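User: I am new to this protein and would like to be walked through it step by step. Could we begin with the overall picture and then turn to single residues?

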Amino acid sequence: MRSNILIAAAAALPLFIVHASAEGTHGHHGASETTENQSGEMKHAAHAIQAGDLRIRDPWARAMLPGQPAGGGYLVIENTGTDDDTLVSLASPRAGKVEVHTMEMNNDVMVMRPVEGGLAIPAGETVTLEPGGLHIMFMQVEKGFQEGETVPVTLEFERAGKVDLELKAGPARGGMSHSGHDH
Ligand SMILES: [Cu+2]
């Protein structure tokens, strides 16, 4: 699984993460978005939002550390219909700018880039935004997300239209409270 390869690669390297955005490049050191435990301990209220043919579930955001200017958000989008859709834009009152980013290794550097032209949600497929891979990036965040609070975000899809969601802020990076598979 591709994201696991990225995680493994990231764990083995001193990380330097670069946001390659349209407004220029800003980078930050640290394990941003890459150290999430992938084994699924992060359980969320099993609620899903239906918008047209799209089923959106497991929305959550990462609580942010003091001084952290950008935060990650994650969710799963399932297209149960027969028409492709596209996530064309995102907005949140908590962030000056919200984008969908890809994350990949490029010459030992973890690079995040905005998805150009919108994020395709093909008919019959499920697109997962998760730590280490595709993610929602909240940028220009004035007040960092605190664990336990909810972060409103509006997704706009080409076909399904606007969908309002709340992302519950989970533990900050490095502060994962789960320590095993046993609940
Ligand atoms: Cu990002």
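User: How many helices and strands does the protein have, and what pattern do they follow along the sequence?

Analyst: What is shown is a predicted model, and in it the protein has one helix and 13 strands. Read along the sequence, the helix stands at the start and the strands follow it, which gives the pattern α-β-β-β-β-β-β-β-β-β-β-β-β-β.

User: How confident is the prediction, and what is the mean pLDDT?

Analyst: Of the residues in the protein, 69% reach a pLDDT of 70 or more, and the mean pLDDT is 79. Over residues 1-16, however, the pLDDT is below 50, although this stretch has 27 contacts in the model beyond near neighbours in sequence. Residues 175-183 also have a pLDDT below 50, with seven contacts of that kind. The mean asked for, over the protein, is 79.

User: Which residues have the most contacts inside the largest nonpolar core?

Analyst: Buried residues make up 32% of the 183 residues in the protein, and the largest nonpolar core has 33 residues. Phenylalanine 138, leaving aside its neighbours within four places in sequence, is in contact with Ala70, Gly71, Gly73, Ser92, Arg94, Ala95 and Val98. The residues with the most contacts inside this core are Val98, Ile136 and Phe138.

User: Which strands pair with β6 in the antiparallel sense?

Analyst: Strand β6 (residues 85-92) pairs with strand β9 (residues 119-121) over three bridges, one of the bridge partners being isoleucine 121 for aspartate 85. With strand β12 (residues 150-157) there are four bridges, and there threonine 154 is the partner of alanine 91. Two bridges join β6 to β7, where serine 92 has alanine 95 as its partner, and a hairpin through two residues connects these strands. The antiparallel partners named here are therefore β9, β12 and β7.

User: Is alanine 169 buried or exposed?

Analyst: Alanine 169 lies in strand β13 (residues 161-170), and its C-alpha atom is separated by 9.2 Å from that of proline 59, a residue 110 residues apart along the chain. Among the residues it touches, beyond those up to four places away in sequence, are Ala61, Ala63, Phe145 and Val151. A residue is buried if 20 or more other C-beta atoms lie within 10 Å of its own. Because alanine 169 has 21 such neighbours, it counts as buried.

User: Valine 163 is in β13 as well; how is its exposure classed?

Analyst: Valine 163 touches Ile49, Ala51, Ile56, Thr154, Leu155 and Phe157, not counting residues up to four places away in sequence. Its C-alpha atom is 8.3 Å from that of valine 153, which is ten residues apart in sequence. Since it has 18 C-beta neighbours inside 10 Å, valine 163 counts as partly exposed.

User: Which residues in the loop between β7 and β8 have a positive phi although they are not glycine?

Analyst: The loop between β7 (95-106) and β8 (109-114) holds asparagine 107, whose phi is about 50°, and this residue is exposed because it has 5 other C-beta atoms within 10 Å. Aspartate 108 is found in that loop too, with a phi near 70°, and it is exposed with 11 other C-beta atoms within 10 Å. The residues asked for are asparagine 107 and aspartate 108.

User: What share of the contacts with a separation of 6 or more lies between residues 24 or more positions apart?

Analyst: The contacts considered here are those in the protein with a separation of 6 or more along the sequence. Within that set, the share that falls to residues 24 or more positions apart is 71%.

How values were computed. Residues numbered from 1 in each chain as written. Predicted model: local features only at pLDDT ≥ 70, side-chain atom pairs only at ≥ 80, totals over all residues. Buried ≥ 20, exposed ≤ 12 C-beta atoms within 10 Å, placed from the backbone. Contact = placed C-beta atoms within 7 Å. Core = buried A, V, L, I, M, F, W, Y, C linked by C-beta atoms within 7 Å. pLDDT = per-residue confidence, 0-100.
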